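Thanks, everyone. I would like to spend a few minutes on one side chain and then work outwards to the sheet around it, so please have a look at the structure first.

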Amino acid sequence: MDAQRLADNKLVFLKRIPKDSTEVQITKFFSTDEKARDERNHCVPVLEYFEDENLAEYGILVMHLFRRFNDPKFLSIDEVLEFIGQTLEVRILNQWRSSL
């Protein structure tokens, strides 16, 4: 989900992930100052991390928003349908996981 950070009005991307996921440790590792300066590091840096107040088992990664969902523009109906399918798949999976 995209959002606007209140501290500096930057556009950011919010990603909810399970707190016990190795993704939290991996993204934080590659976001350290030392790793972020390495020109071989192409990972999106994590600006902030906080726990989800509504779901205790999840955390929220705050990252730079580099592009909007429609940049570049869709060139065909197939691309639009593929995008919608992937978006719905993620939302359905997240809802299913949170109901467990």
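Let me start with a contact between two side chains: those of Arg-5 and Asp-8 are joined by a polar contact of 2.5 Å, and I should say straight away that we are looking at a predicted model.

Where does Arg-5 sit in the chain? Arg-5 belongs to the loop between β1 and β2. Is Arg-5 buried or exposed? With a relative accessible area of 18%, Arg-5 is buried, because the cut-off for that word is under 20%. If we set aside the neighbours within four places in sequence, Arg-5 is in contact with Lys-10, Val-12, Leu-47 and Glu-48.

Now to the strands on either side of that loop: β1 and β2, the latter covering residues 11–18, pair in the antiparallel sense over 3 bridges, and in this pairing Gln-4 stands opposite Leu-11 in β2.

Stepping back, these strands belong to an open sheet of 4 strands, with antiparallel pairing and the order β1-β2-β4-β3. The edges are taken by β1, residues 2–4, and β3, residues 46–51, each of which has a single partner strand, so one side of each is left without a neighbour in the sheet. On average, and ignoring direction, neighbouring strands of this sheet are turned by 35° against each other.

Finally, helix α1, residues 22–30, packs on the sheet, where it touches β2, β3 and β4, the last of these being residues 58–64, and the direction of α1 makes about 140° with that of β2.

Note on methods
Residues numbered from 1 in each chain as written. Predicted model: local features only at pLDDT ≥ 70, side-chain atom pairs only at ≥ 80, totals over all residues. Heavy atoms only, no water. Pairing = 2+ DSSP bridges. Helix = DSSP H or I, 4+ residues; strand = E, 2+ residues; numbered from the N terminus. Axes fitted to C-alpha atoms, helices over the stretch in contact; angles between N-to-C directions. Contact = heavy atoms within 4.5 Å. Buried < 20%, exposed > 50% of the residue type's maximum accessible area, 1.4 Å probe, protein only. Polar contact = N/O pair within 3.5 Å; in protein donor to acceptor, adjacent residues only side chain to side chain.
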